[in-house]
Amino acid sequence: MQSNAAGSSERAPAPPGPPLWLLAELTYRCPLHCAFCSNPVDYARHTAELDTARWCEVFSQARALGAVQLGLSGGEPLLRKDLETLVRHAHGLGFYTNLITSGVGLTDARLAALRDAGLDHIQLSFQDSTRELNDFLSSTRTFELKQRVARLIKAHGYPMVMNCVLHRHNLPHVGTIIELALQLGAEYLELANTQYYGWAWENRLALMPTQEQLREAEAVVQQYRARIGKRCQILFVVPDYFEARPKKCMNGWGTTFLGVAPDGTALPCHAARMLPDLVLPNVITQTLREIWQDSDAFRRFRGTQWMPEPCQSCEHSEEDLGGCRCQAFLVTGDAAATDPVCERSPTHGRIHEIVLEGRLAAAQAREYPMVFRSDGNSLRLSGGRG
């Protein structure tokens, strides 16, 4: 299918509103080795990290643009020794700050320091409700540590989001995952079914659930919602591959979300680094205002004018804004193609094929080997991609 993205800059949409959500990926370093990590598979090629002063300048520029929420992520952001300094600066600017962490390195003393610096919120990840699967999926022994950290978070008076990425191996445990969240006092539980890019794409056949697993898990979630009320708000995100319509990419490419990678690369979405023809700007050489308003990378898929058919004439184009560009690239080889999750996409059948492959593997109890995140695997995968 021929796309019309090449000429989009000549018919660029009006300047966007502010980037309300800034995600600062402070480092790609991480003690965990999750098979569904959202960091780029070639992260080992990108070892540079912005220093404290540069990150503070990024926060100042983002706040001046109108950003209001700041996610501090990684890798594991606690590996940055200047995390408290960064939180203090962001708090002084008026950001609502959210630490997204595995919990490794979050001690009582560090929590007190972060509290003093003005940190507002903590999101703590688990991989499962059992030690065996939690530790297998992260290739670390962290289950007991995570529980201790969860109790510390509550002891310091923080609201807590417990996050668990769902897939074939832990979907049957949704009930016990919810029980764990309740036991630990989480106010929010994010059950985010795996989205297939990054390391999850490499492991898609090992992680792909069946429709029945998803249905059963969602029914369990609904039962708990009815039973526990507002005690804990449960968010259950169905993976795109099992829906007939795509979701907006980051609420619309270049409209709400602005990510900054450890080396200063600015990202319109978490996974944009994989797109081969997208020249990504960097905060070292350009201001955030220039990047957000004028860079080709952020304008490329903003709005609807770039869309090919059948998106261009679709009555839902303003609702989904073309769906996920990284998903389109991984499945079709063309980042400007119709998101193949859409039932109207010419390549929608490929999604069915991938889901069927995963279903057959599950039915035959055949396990595909997982590629765990590690520096060695990262270099191997990036080398294999040229």
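## Helix α6, the nine-stranded sheet and selected loop residues

In this predicted model, the cover over the buried residues of helix α6 includes β4, α5, β5, β6, α9 (211-228) and β7. Eight of the eleven residues of α6 are buried, which leaves the helix mostly covered. The buried residues are Val174, Gly175, Ile177, Ile178, Leu180, Ala181, Leu182 and Leu184. Just after α6, Gly185 has a positive phi of about 80°.

Helix α6 (residues 174-184) lies across four strands, namely β4 (121-126), β5 (160-166), β6 (188-193) and β7, and runs at about 165° to β5.

**Packing of α5 on α6**

Two packed helices are described by the angle between their axes and the distance between the axes. For helix α5 (residues 143-155) and α6, the angle is about 40° and the axes are 10 Å apart. α5 is therefore oblique to α6. On the α5 side, Phe143, Gln147, Ala150, Arg151 and Lys154 take part, and they meet Leu180, Gln183 and Leu184 of α6. An α-helix has 3.6 residues a turn, so residues three or four places apart point the same way. Of the α6 residues in this pairing, Leu180 and Leu184 are listed among the buried ones.

**The sheet**

The strands crossed by α6 belong to an open sheet of nine strands. The order in the sheet is β7-β6-β5-β4-β3-β2-β1-β8-β9, and the pairing is mixed. The edges are β7 (233-237) and β9 (266-267); each has a single partner strand, so one side of each has no neighbour in the sheet.

Strands β1 (residues 21-25) and β2 (residues 69-73) run parallel and are joined by five bridges. Leu22 has Leu70 in β2 as its bridge partner. Helix α1 (residues 52-65) packs on the sheet and touches β1, β2 and β8 (257-260), with its direction at about 170° to that of β1.

**Annotated region and cysteines**

The unreviewed UniProt entry carries the annotation "domain: Radical SAM core" for residues 16-227. In the model, this span is 43% helix and 17% strand, and its end C-alpha atoms lie 42 Å apart. The unreviewed UniProt entry also places a "binding site" feature at Cys30, Cys34 and Cys37.

Cys30 lies in the loop between β1 and α1. Setting aside residues up to four places away in sequence, Cys30 touches Gly75, Glu76, Leu79 and Arg373. Cys34 is placed in the loop between β1 and α1. Beyond its neighbours within four places in sequence, Cys34 is in contact with Gln127, Leu137, Ser138, Trp199 and Arg373. Arg373 thus appears in the contact lists of both Cys30 and Cys34.

**Other loop and helix residues**

Ser102 is in the loop between β3 (96-101) and α3 (108-117). Its side chain reaches the backbone nitrogen of Val104 at 3.3 Å. Apart from neighbours within four places in sequence, Ser102 contacts Pro31, Leu32, Glu76, Leu124, Ser125 and Lys146. Glu76 is also among the residues touched by Cys30.

Asp240 is found in the loop between β7 and β8. The side chains of Asp240 and Lys247 are joined by a polar contact of 2.5 Å. Not counting residues up to four places away in sequence, Asp240 touches Gln195, Lys247, Gln327 and Val341.

Glu202 lies in helix α7 (residues 199-202). Its C-alpha atom is separated by 8.5 Å from that of Phe36, although the two residues are 166 residues apart along the chain.

**Accessibility**

The relative accessible areas of five residues are set out below. The cut-off for buried is under 20%, so Cys34 at 10% falls in that class, as do Ser102 at 5% and Asp240 at 5%. Cys30 at 24% is partly exposed, and Glu202 at 25% is also partly exposed.

| Residue | Relative accessible area | Class |
|---|---|---|
| Cys30 | 24% | partly exposed |
| Cys34 | 10% | buried |
| Ser102 | 5% | buried |
| Glu202 | 25% | partly exposed |
| Asp240 | 5% | buried |

Terms used. Residues are numbered from 1 along each chain as its sequence is written. This is a predicted model: local features need pLDDT of at least 70, side-chain atom pairs count only at pLDDT 80 or more; totals for chains, interfaces and linings use all residues. Side-chain values use heavy atoms; hydrogens and water are left out. Two strands pair if DSSP finds at least two bridges between them. Helices (H or I, at least four residues) and strands (E, at least two) are DSSP runs, numbered from the N terminus. Contact means heavy atoms within 4.5 Å. Axes are lines fitted to C-alpha atoms, for helices over the stretch in contact, and angles run from 0 to 180 degrees between N-to-C directions. UniProt positions are given in the numbering used here, feature names are shortened, and annotations may be inferred rather than shown by experiment. Buried means under 20% relative accessible area, exposed over 50%, partly exposed in between (1.4 Å probe, protein chains only). A polar contact is a pair of N or O atoms within 3.5 Å; within protein, one must be able to donate a hydrogen and the other to accept it, and residues adjacent in sequence count only if both atoms are side-chain atoms. Angles under 35 degrees count as roughly parallel, over 145 as roughly antiparallel, 65 to 115 as roughly perpendicular and the rest as oblique.
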